[in-house]
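Hi,

Here is the structure I promised to pass on. Have a look at it first, and my notes follow underneath.

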Amino acid sequence: MEHPLEKGLQNALGVYYLLVAVLNLGFAVWWYYAGRRSHAQRGNEKIFTVLWAIVSGVFLVHAFLYLSHSGPVLSRGVRDFTTWFMGLYGGQMGPILYVTLSIVGFVLLLYFRRFFVRPNIAWTILQLSLLAAGWAMTDDEFQKIILKPDNVPIPMLIYSVGFFTWAALYRAVQNDERIARGEPVLEKLEDEKVLVWPDLVYTELIAMIIATFILIIWAVLLKAPLEQPATSAKAPNPSKAPWYFLGLQEMLVYYDPWMAGVVLPTMIIIGLIAIPYIDFNRQGNGYFSFAERKFAVSIFMFGFVVLWVTLIVLGTFLRGPNWNFFGPFEYWDPHKVLPLNNVNLSQLFWLNLCHMPLEDFKVRFGDFFGPIIRELPGILLVFLYLFALPPLLARTVMRSFFLRMGFVRFILLVTLMQFMAALPIKMVLRWAINLKYIVAIPEIFFNI
Amino acid sequence: MSVGDFIRNSQVWKSIFRHPAPRDRRNRVVVMLTNVFLHLHPVSIRKSGIDLSYTWCMGGLTFFMFLELTVTGVLLMFYYRPTLEHAYNDILILRDVATLGILRELHRWGAHAMVITIWLHMYRVFLTGSYKPPREFNWGVGVILLVLTLLLSFTGYLLPWDQLAIWAITVGSNMARATPFLGYEGPGATFLKVGDVSLIHSGSDARFILLGGRFVSGETLLRFYVLHCVAIPLAVAVLIAVHFWRVRKDGGISGPL
C-alpha cells in the first residue's frame, strides 16, 4: 500500500527527529557531567541521565521509521475527535478552549514558576511540544498551514518567546531567592568593568556571523512566496493581514474595526510609552525579578504572551475561511456555516426583558434620540465601566496604589488596564450570552 | 621584515589606523575612541552588560537586521519598479532569472526576524525593569521604533504586488476607514459636515490618505514604496541614533544600581 506521506516530508521528519534525539542526548550528557561535578552524592543525576537517554532513543526510533519511509501517521480518530470537540457549542468550543487554556496556563506558570523553571520540567514541556509538532506534521491540513513560507516565523516566535520566558523566569526565581536571603542579585555579581574591545566587539561579531549564517540557510532552503498577480476581482478566503497583525485581526471578531483596528492599537502604543511614568515601583531596575515587581511583570507578560502572541498563533493556525474557527486538523471548508445568533444588549434588555420592540424607539423619539434611548442600557454600562469603576477601585482593592501613585498616574493606569481588559470581557460576554454589541448605533458606526 | 609588518608599517595603513593593534590595554582603549563605528560603544562596560543570559543580544540583532535589510533593500531597488505594469514581473524575473538568487529571501526573512527580535528586545528590557528612571524617555523612543518597524514590514508587504500582498494590505488598511471622525465608516464622521456636504467621505478620509485612492491601487504601490524605501527608514535611522545616544547618556546598558 502506498504510504500516505510523501517521501520528501518523511525525510524531513526523519532529520527533524534525529536533531531532537541529538538534543536529548546532549541533555543526558549534561546531567551526567552535572552528577560528576556536584560532590554531594544525590544520585538523581544518574536517573536523569538514563531518563533523557531513553527519551533520545524514542526520538531515534521515530527518526529511523521516517527515514525508512514507514513512519507512523496521526490516526484518523484523533484528528476527527479534535475537530468534533472544537466544533461543539455552536463552533465556539475551539476559541473558548484555546483562550481559556492559554490564560489558565499563564496563571499556573506564574504561580508555580519555581516548579516550571526547573531544567527537567522546562525540558519535558519542550520535548512534548516537539513531539506533538512532529506528529501534527503528518496531517495534511496541518501541513498546509505550517508549510506556508510566511508562516515560518510563527514557530520561531512560539519557541523563542517560550525559551526567553523560561530564561527570564529562571533568572528571576534565582534572584528572588537571593534577595530573600539578603544576597546580591546575579547581575550584581558581574559589576566589575571589562573593556569593550575585545569582550563586547567580539561577542557582537560572533552574533552577526551566526545571524548571517541562519539567514542564509533559511533563504536557501525556503523560497519567498509569490502568488498570482494581484487582482481586486478575486479575494482569497481567508484574507489575512501579515502575521504580526493577526492579534488585531482576531479582535475584529469581538469589536468593530474602529475599536479593534484604531482605538485599541492606539491605546497599546500610548500604554507602552506610558509604562515608565506609571510604574512607581523603584525596585527591580536592571535585573530579572518577579517577587519585587509582581504586578508590573504579570500585567506585561499577560499582554505580550497571552493577548498578543497566543492570539497571533490562533489567527495563523486556527482561523480559516470567513475567519471561522477550525481545529488544527480540520479541512478549511469555505462553505462551513456556523449559526450566527449573536444579539445586542439593547435587544436583550428591551425585547427579552421588557417586551418592547426595538423599532418603536425611532418612531417615538425621532431619528436622533431614538437610537440613543434604545442603547441607554449599554451606554450606561460603558459609562459606569469607564468612569465609576476607577474611583471604586481607588477606594477598595487598589487603594494602596491610588495613595502611592496620585490621581493622574492612577487614572492613566486604570484606564489603560480597562482597555486591555476590554477584549477578555467581550470574549466572555460573547461566549456566555452570545452578545454582539453592548452599544449598537450602526447609524453612526458607533458599535461597542 | 615579514609582509604583515611591512603592511602595518606602511604610510597607507598608518593613515587609516592611527594606533598600533589593540593588543594592550592602552590601545584597546584608544581603538574605541578613534574609530567612528566603534565609538558608539563605551570604552568599558559592566560585565553583566556582555552576559547573554542578561542581555539576550536582541537589541543588537535588531540593529543588525536593520543594516542587513538596508543593504539587501538597496540591492533590490535595482531590480524593481513600483508600477502596476512592472512590479509583479520584476519580482518574477528576479526569481526566475537570477541564478541562486536569495536576495529577496534574505530581505523577507530578515524582515520577519527583525519583528521577532525587536519584540524580544522589548520583552527583555521590560522584564529587567530597564525602562525605569533614568531610562523612561528611551523606552518611549524604543516603542516608536517598534511601531515604525511594524510599519516598514507592512509597507514592504505590498511591493511584490501579488494576491498575498494586495489582500493583506486591503485587510490591514480597511481599519483606517473606521477611524473615529476621520474615517468615512468611523463613529462620528457623519457629524462632520458643512451644511449638507459631509467632509469625510471615501474620497477624503484617513484610508484615502493612506492608500492614495479608494482602494489598493497603483497610487498605493507608489506611496508604500516611497514610505518603505525612503521615509520610514530615514525616520528609523534618526531614532536609532537617538536611541543609542540615550543608552550611553542614561548610564549605559542597564544593571543593578
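**Cavities first**

Counting enclosed spaces of 30 Å³ or more gives three cavities. Please keep in mind throughout that this is a predicted model. As for the method, rolling a probe the size of a water molecule over the atoms shows where empty space is left.

The largest cavity holds about 90 Å³ of space. What lines it? From chain A come K223(A) and A224(A), and from chain B come I91(B), L94(B), R95(B), A98(B), G101(B), I102(B), L103(B), R104(B) and E105(B). Two helices of chain B, α6 (87-97) and α7 (103-127), each supply at least two of the lining residues. Sorted by class, that lining has six nonpolar, one polar and four charged residues.

The second largest cavity has about 70 Å³ of space. Its lining is made up of Y98(A), V99(A), S102(A), I103(A), V306(A), L307(A), T310(A), L311(A), P424(A) and M427(A). Here α5 (93-111), α14 (294-317) and α19 (407-433) of chain A are the elements giving two or more residues. The class split for this second lining is eight nonpolar, two polar and no charged.

**Chain A overall**

Chain A has 19 helices and three strands. Its C-alpha atoms fill a box of roughly 85 × 70 × 40 Å along the principal axes. Of the 448 residues in chain A, 46% are buried.

**A nonpolar patch on the surface**

There is also a nonpolar surface patch of about 1,000 Å². The residues that make it are Y202(A), L205(A), I206(A), M208(A), I209(A), I210(A), F213(A), I214(A), I217(A) and L221(A). To take one of them, I210(A) sits in helix α11 (residues 196-221) of chain A. I210(A) counts as partly exposed because its relative accessibility is 46%.

**Salt bridges**

Side chains of opposite charge can pair when their charged atoms come close. Over all chains, the count comes to 23 salt bridges. These are the ones I would show you:

- R108(B) and D150(A) form a salt bridge, with the closest N and O atoms 2.5 Å apart. R108(B) is in helix α7 of chain B, while D150(A) is in the loop between α8 (140-146) and α9 (153-180) of chain A, so this pair joins two chains. Are the partners buried or exposed? R108(B) is buried, at 12% relative accessibility, and D150(A) is buried too, at 7%.
- D80(A) and R76(A) meet in a salt bridge at 3.5 Å, N to O. They are four residues apart in helix α3 (residues 76-86) of chain A, which means about one helical turn separates them. D80(A) is partly exposed, with a relative accessible area of 41%, and R76(A) is partly exposed at 48%.
- R178(A) and E183(A) meet in a salt bridge at 3.6 Å, N to O. R178(A) is buried, at 16% relative accessibility, whereas E183(A) is partly exposed at 31%.
- K362(A), R374(A), E375(A) and E443(A) are linked in a network of salt bridges.

**Backbone oddities**

Most residues other than glycine have a negative phi, and most peptide bonds are trans. Against that background, here is what turned up.

Where are the cis bonds? One joins W197(A) and P198(A), with omega about 15°, and P198(A) is in helix α11 of chain A. The peptide bond from N237(A) to P238(A) is also cis, with omega near 5°. P238(A) lies in the loop between α11 and α12 (246-251) of chain A.

As for phi, F445(A) is not a glycine, yet its phi is positive, at about 60°. F445(A) is in the loop between β2 (440-441) and β3 (446-447) of chain A, and it is partly exposed, with a relative accessible area of 28%. C57(B), not a glycine either, has a positive phi of about 65°. C57(B) falls in the loop between α4 (52-55) and α5 (58-77) of chain B and is partly exposed, at 22% relative accessible area.

One last residue in chain B: G255(B) lies in the segment after α11 (218-249) and is buried, at 5% relative accessibility. The C-alpha atoms of G255(B) and M65(B) are separated by 25 Å, with the two positions 190 residues apart along the chain.

Cheers

Conventions. Residues are numbered from 1 along each chain as its sequence is written. Chains are lettered from A and ligands numbered from 1 in the order in which they are written. This is a predicted model: local features need pLDDT of at least 70, side-chain atom pairs count only at pLDDT 80 or more; totals for chains, interfaces and linings use all residues. Side-chain values use heavy atoms; hydrogens and water are left out. Patches are made of residues with over 30% relative accessible area and no salt bridge: like charges are joined within 9 Å, nonpolar side chains (Val, Leu, Ile, Met, Phe, Trp, Tyr) within 5 Å. Accessible areas come from the Shrake-Rupley method with a 1.4 Å probe; for residues, only the protein chains shown count as cover. A salt bridge is a side-chain nitrogen of Lys or Arg within 4 Å of a carboxyl oxygen of Asp or Glu. Buried means under 20% relative accessible area, exposed over 50%, partly exposed in between (1.4 Å probe, protein chains only). On a 1 Å grid over the protein atoms alone, a cavity is a set of points where a 1.4 Å probe fits but cannot get out, and a pocket is an open set with protein on both sides within 12 Å along at least five of seven lines; lining residues have an atom within 4 Å of a point. Grid points are joined across faces, edges and corners, and a volume is the space filled by probe spheres set on the points. Ala, Val, Leu, Ile, Met, Phe, Trp, Tyr, Cys and Pro count as nonpolar, Asp, Glu, Lys and Arg as charged, and the others, Gly among them, as polar.
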